[in-house]
Amino acid sequence: MTHAPFAALDTTLPAPVLVVEDEPLLQQRLRAVLLQLGYAHDALVFAASLAQARACLAAQPVALALVDLQLPDGSGRELIEQLRADDPGLGILVVSAWSSEDAILGALRAGATGYVLKERDDIEVSLSIRSVLRGGAPIDPFIARRILELLPAPAVAAPVHEQGEALSEREGQILRLVADGLSNREIAEQLFLSRYTVESHVKRIYRKLAVSSRTGAVRAARERGVIG
């Protein structure tokens, strides 16, 4: 039985996909992930350097790009800038081992749509690609934390229910998605969490709001002003 995150997307997959990566093992890994998503072998174009990538782009436009930052002949950031200039709507996902502030912000400022670390497992990489294909901007959780550390902390009190027990920021985020009608699996995909983690959060929300159903949680949260 096919694991849900690897199920083919319902819509026609944009092709070709340019994968810019110089490590053969990672090339094989990304090829396998893309094939699991429903791509055909001939829809995938691989380049191991900036020069090869530019030669590929000169031969044909691409519909999606997965780009490493550390390449033998320069930084993938230069290629991202070129790709973004050529096609403002192109999905560009950085797949990199670099997690420094300069690398992260540099890639995003250059025009990257999303950023995922190579250390993530195939499911997480697949979810990031799916998000880009759906018009999202996936950011690796570690990267997101690094970005949030650079921002001033908002002076906003955590919402509480009548008994005074606060919902955590993550619980409030999940509750808003529940109110939007998303299932636990859809919430897990959107937030890059496991389904079991989401289920655990939902159970704690039920306990804190003293309810036993999703409808009851949404109604109670609205009554207490936790969500709009």
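Below are some exercises with worked solutions on this predicted model.

**Exercise 1. Getting an overview**

Task: Find how many helices and strands the protein has, and what share of the residues is buried.

Solution:
- Start with the secondary structure: the protein has 10 helices and 7 strands.
- Next, look at burial: 45% of the 228 residues are buried.
- Finally, turn to the contacts. Among those with a separation of 6 or more, 64% are between residues 24 or more positions apart.

**Exercise 2. Reading the sheet**

Task: Work out the order of the strands in the open sheet, and name its edge strands.

Solution:
- Follow the 5 strands across the sheet, and you should read β2-β1-β3-β6-β7. Their pairing is parallel.
- Now look for strands that pair on one side only: these edge strands are β2 (44–47) and β7 (114–117).
- As for the twist, neighbouring strands are turned against each other by 20 degrees on average, with direction ignored.
- Zoom in on β6 (residues 91–96), which runs parallel to β7 and is joined to it by 4 bridges. Here Val95 stands opposite Val116 of β7.
- One helix to spot on the sheet is α5 (residues 122–133), which touches β3 (64–67), β6 and β7. The direction of α5 makes about 160 degrees with that of β6.

**Exercise 3. Two faces of one strand**

Task: Decide whether the faces of β7 are covered or not, and name the residues on each side.

Solution:
- On one side of β7 you will find Gly114 and Val116, both buried.
- On the other side are Tyr115 and Leu117, which are buried too.
- Put together, both faces of β7 are covered.

**Exercise 4. How α8 meets α9**

Task: Describe how helices α8 and α9 pack, using an angle and a distance.

Solution:
- Remember the recipe: two packed helices are described by the angle between their axes and the distance between the axes.
- For α8 (residues 184–191) and α9, the angle is about 115 degrees and the axes are 8 Å apart.
- Angles of 65 to 115 degrees count as roughly perpendicular, and α8 and α9 are therefore roughly perpendicular to each other.
- Their crossing is right-handed.
- Now list the partners: Asn184, Arg185, Ile187 and Ala188 of α8 meet Arg195, Val198, Glu199 and Val202 of α9.
- Sorted by class, this contact has 4 nonpolar, 1 polar and 3 charged residues.
- Helix α8 has other neighbours as well. Its buried residues are Asn184, Ile187, Ala188, Glu189 and Leu191, and they pack against α5, α7 (169–179), α9 and α10 (214–223).

**Exercise 5. Buried or exposed?**

Task: Classify Tyr196 and His201 as buried or exposed.

Solution:
- First place the residues: Tyr196 lies in helix α9 (residues 195–209), and His201 is found in α9 as well.
- The relative accessible area of Tyr196 is 57%. Exposed means over 50%, so Tyr196 is exposed.
- For His201 the value is 12%. Buried means under 20%, so His201 is buried.
- To see what surrounds His201, leave out residues up to four places away in sequence: His201 then touches Arg170, Glu171 and Ile174.
- One more distance to check: the C-alpha atoms of Tyr196 and Asn184 are separated by 8.6 Å, with the two residues 12 residues apart along the chain.

**Exercise 6. A second helix pair**

Task: Find the angle at which α4 and α6 cross, and the residues that meet there.

Solution:
- The axes of α4 (residues 101–110) and α6 (residues 141–149) cross at roughly 95 degrees and come within 11 Å.
- With that angle, α4 and α6 are therefore roughly perpendicular to each other.
- From α4, Glu101, Ile104, Leu105 and Leu108 take part, meeting Ile143, Arg146 and Ile147 of α6.
- By class, the contact has 5 nonpolar, no polar and 2 charged residues.

**Exercise 7. Unusual backbone angles**

Task: Locate Phe192, Ala210 and the bond between Ala15 and Pro16, and describe the backbone at each place.

Solution:
- Begin with the background: most residues other than glycine have a negative phi, and most peptide bonds are trans.
- Phe192 is not a glycine, yet its phi is positive, about 60 degrees. Phe192 lies in the loop between α8 and α9.
- Ala210 also has a positive phi, near 60 degrees. Ala210 sits in the loop between α9 and α10 and counts as exposed, at 64% relative accessibility.
- Ala15 and Pro16 are joined by a cis peptide bond, with omega about 0 degrees. Pro16 is in the segment before β1 (17–20).

Notes: Residues are numbered from 1 along each chain as its sequence is written. This is a predicted model: local features need pLDDT of at least 70, side-chain atom pairs count only at pLDDT 80 or more; totals for chains, interfaces and linings use all residues. Side-chain values use heavy atoms; hydrogens and water are left out. Two strands pair if DSSP finds at least two bridges between them. Helices (H or I, at least four residues) and strands (E, at least two) are DSSP runs, numbered from the N terminus. Axes are lines fitted to C-alpha atoms, for helices over the stretch in contact, and angles run from 0 to 180 degrees between N-to-C directions. Contact means heavy atoms within 4.5 Å. Buried means under 20% relative accessible area, exposed over 50%, partly exposed in between (1.4 Å probe, protein chains only). Angles under 35 degrees count as roughly parallel, over 145 as roughly antiparallel, 65 to 115 as roughly perpendicular and the rest as oblique. A crossing is left-handed if the near helix is turned anticlockwise from the far one by less than a right angle, and right-handed if clockwise. Ala, Val, Leu, Ile, Met, Phe, Trp, Tyr, Cys and Pro count as nonpolar, Asp, Glu, Lys and Arg as charged, and the others, Gly among them, as polar.
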